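Me: I want to learn to read helix packing and backbone geometry from a model. Can we work through one together?

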Amino acid sequence: MEDFRGDAGVLPAVFHAGSSLAASMLDVWRVDLRALYAHESVLLSLLPPAEATPGERGLSRSVSRLLLGAYLECSPGDVVLDVGAHGKPNLAHRQGNARDLRFNVSRSGSIALVAIALGRDIGVDVERMRPVPKLVKIARRYFSPEQCRQLEQLDSKKRDEEFLRLWSRFESLSKASGYGLQLLGAKRKMLQPSMQRFKTRDVSWFGREGGLYLASVSTEGDVQHLRCWSFP
């Protein structure tokens, strides 16, 4: 991935990734939002006025459109998004998307992840390591009894990290399935058979500022190749 940091800049690498994406692949882009503040006005101009919110949320949306436009070989302004039954964003139509491109986005602090695949539902979540108030109460609502027992046996720091790791998996799975957190949490046992078609994998790294990030990506079916990219 040296071409990301070379004189050619990031965009050639983005277009290369889009043109080389195959059904057996999953692309995950790690976006450093702090590095994009110098270009904020240009990036926000890619968004519809109602979405052009200054700050990390607006930058995350802008980069998502920029990446999707490169994969679809169209202008970011021509990327039209819709919202599914449980609030999951998706591409609104198949025009210019003959390959059935699908995506998902997550943001935590100054880091955003954008996951892109062909013909398979996907979900991604990223969590920066931090203390989690009311951890046990949240876990009992969303996690299995066994997972809750394991969490309660850990010391506070390890408990926070393990909770965020489990939460990231749960969040990415809820987004990939399209059910959403509330429905999947309330009807976990009933929905469990339909969840078996999804595969979840973990990713973690230390950010430039030293913080630990925990992330998970869930896909419909298993992918043979996970490609991790950086932007910018």
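Reply: Yes. Keep in mind that this model is predicted. Start with helix α4 (residues 135-142) and helix α6 (residues 156-177), whose axes are 11 Å apart and meet at an angle of about 30°.

Me: Which values describe two packed helices?

Reply: The angle between their axes and the distance between the axes. Angles under 35 degrees count as roughly parallel, so α4 and α6 are roughly parallel to each other. The crossing of α4 past α6 is left-handed.

Me: Which residues make the contact?

Reply: From α4, Leu135, Ile138, Ala139 and Tyr142. From α6, Arg159, Asp160, Phe163, Trp167 and Phe170. By class, that contact has seven nonpolar, two charged and no polar residues.

Me: How do I read the buried side of a helix?

Reply: Use the helix repeat. An α-helix has 3.6 residues a turn, so residues three or four places apart point the same way. Now take helix α1 (residues 11-20): its buried residues are Ala13, Val14, Ala17 and Gly18. Down the axis of α1 they fall within an arc of 135°, so they line one face of the helix.

Me: What covers the buried residues of α1?

Reply: The cover includes β1 (25-32), α3 (56-72) and β9 (225-231).

Me: And the backbone: what should I check?

Reply: Check omega and phi. The peptide bond from Phe231 to Pro232 is cis, with omega near 0°. Pro232 sits in the segment after β9.

Me: Which phi is positive in the loop between α3 and β2?

Reply: That of Glu73, near 60°, in a residue other than glycine. Glu73 is exposed, at 67% relative accessibility. Lys134, in the loop between β6 (122-128) and α4, also is not a glycine and has a positive phi of about 55°. Lys134 is exposed, with a relative accessible area of 64%.

Key: Residues numbered from 1 in each chain as written. Predicted model: local features only at pLDDT ≥ 70, side-chain atom pairs only at ≥ 80, totals over all residues. Heavy atoms only, no water. Axes fitted to C-alpha atoms, helices over the stretch in contact; angles between N-to-C directions. Helix = DSSP H or I, 4+ residues; strand = E, 2+ residues; numbered from the N terminus. Parallel < 35°, antiparallel > 145°, perpendicular 65-115°, else oblique. Left-handed = near helix turned anticlockwise from the far one by under 90°. Contact = heavy atoms within 4.5 Å. Nonpolar A, V, L, I, M, F, W, Y, C, P; charged D, E, K, R; others polar. Buried < 20%, exposed > 50% of the residue type's maximum accessible area, 1.4 Å probe, protein only. Arc of directions from axis to C-beta.
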